[in-house]
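Reader: Hello! I would like a close look at a single part of this structure, with its surroundings added where they help. Could you walk me through it?

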Amino acid sequence: GAIVYVNQAGEEALYAAGWKNRAEQVPADPQALFKIASISKLYVATATAKLVNEGRLSLDDTLADYLPELVGRIENADQITLRMMLQHRSGIPNFTDNPDYPWFETLPNLDAYLAYALDQPAVFAPDSDYRYSNTNYQLIGDILDKVLGYSHHQYIKDEVLEPLGLTDTYSLLSEVDSLERVSSGYHYEVEPDLKELDHTSPGGSMIATAQDVGIFLKALNDGSLLNEDEQAIYSSIYEYEHTGWVPGYQSIARYYPDTDTVVVLFVNSTGGDTEATIHIIYDRIVRIMGG
């Protein structure tokens, strides 16, 4: 199944095709909730930019400053700054790159994710290269929780979601009132529906409708979410579009300033040829929209 949201110069459109639930032949629902995976990192980076602007975080403080218990467990912890983690320039190993990482299991807690990245050599010296690492955002989530004194999920809700009126965005699958609202997810040659597989690591845990993601992305890009100072900080630390992938769910969310257009695509299939197919479909949609 596929869901498409388009906002072009303020005109919204939603489309859906295929199945929300293949076994029960429930048609794809454009308002269904979806695991947005790493698109979540845009929300975490937004929260970080706001806290930096408030003076509660410093981009130049190190991992050792914020989480001293990880010194000796993560190489170069005393040299890796918050800015480097946000920009994936830390050299910290990506826990999902560990060959033993269990993609098709719900892990018991956040420490279980981090265990797949601890006590490993750095991928490169801090700030010497770029390599995408989910571990960066896992640690940023921990830092935000520590600085706030409460969950960064609540901060995102209070400071990002509620100001935009986004009532169909959740930080965790467990927050959703009914799993019936969540699209089923399927992986090539894996039999069960993956809807109940829970991914709780910061930067990959969020659930949302395509419309909510599109509204957020437009606001992030057009300056209506962040003030001028926050926007400048955000621009210095992270990107303005993202893709997402967890087993059974893949997504693309991008903004095109020349035409003031947001295009969000959700597909509830992974594996096989689907990773290539989703980009072909997305590019066709963008061409149709004149992006």
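Author: Happy to. At 31% relative accessibility, D193 counts as partly exposed, because that class lies between buried, under 20%, and exposed, over 50%. Please keep in mind that this is a predicted model. As for its place in the chain, D193 sits in the loop that links β7 (186-187) with β8 (207-208). On the surface, D193 gathers with E24, E180 and E196 in a patch of negative charge.

From that loop we can step on to β8, which belongs to an open sheet of 3 strands in the order β5-β8-β6, with antiparallel pairing. The edges of this sheet are β5 (34-35) and β6 (169-170), each of which pairs on one side only. Between β6 and β8 there are 2 bridges, in the antiparallel sense. If you would like a residue pair to look for on your screen, Y170 has I207 in β8 as its bridge partner.

A general point helps here: strands of a sheet pair through backbone hydrogen bonds, and they do so either parallel or antiparallel.

For a contrast with the partly exposed D193, let us turn to strand β11 (residues 261-267), which is mostly covered, with 7 of its 7 residues buried. T261, V263, L265 and V267 point one way from β11, while V262, V264 and F266 point the other way. Both sets are buried.

Strand β11 also has two pairing partners to follow. Strand β1 (residues 2-8) runs antiparallel to β11 and is joined to it by 7 bridges; among the residues involved, V6 has V263 as its bridge partner in β11. Strand β10 (residues 249-256) pairs with β11 in the antiparallel sense too, over 7 bridges, and here Y255 is matched with V262 of β11. The hairpin of β10 and β11 has 4 residues between the strands, and in it D260 takes a positive phi near 50°.

One last stop takes us to a helix. L148 lies in helix α5 (residues 134-148). Its 9% relative accessibility is under the 20% cut-off, so L148 counts as buried. If you want a distance to check, L148 and A122 are 26 residues apart in sequence and 28 Å apart in space, C-alpha to C-alpha.

So that is the tour: the loop residue D193 in its patch of negative charge with E24, E180 and E196, the open sheet with the order β5-β8-β6, and the mostly covered strand β11.

Methods:
Residues are numbered from 1 along each chain as its sequence is written. This is a predicted model: local features need pLDDT of at least 70, side-chain atom pairs count only at pLDDT 80 or more; totals for chains, interfaces and linings use all residues. Side-chain values use heavy atoms; hydrogens and water are left out. Patches are made of residues with over 30% relative accessible area and no salt bridge: like charges are joined within 9 Å, nonpolar side chains (Val, Leu, Ile, Met, Phe, Trp, Tyr) within 5 Å. Accessible areas come from the Shrake-Rupley method with a 1.4 Å probe; for residues, only the protein chains shown count as cover. A salt bridge is a side-chain nitrogen of Lys or Arg within 4 Å of a carboxyl oxygen of Asp or Glu. Lys and Arg count as positive and Asp and Glu as negative; His and the chain ends are not counted. The place of a charge is taken as NZ of Lys, CZ of Arg, CG of Asp or CD of Glu. Buried means under 20% relative accessible area, exposed over 50%, partly exposed in between (1.4 Å probe, protein chains only). Two strands pair if DSSP finds at least two bridges between them.
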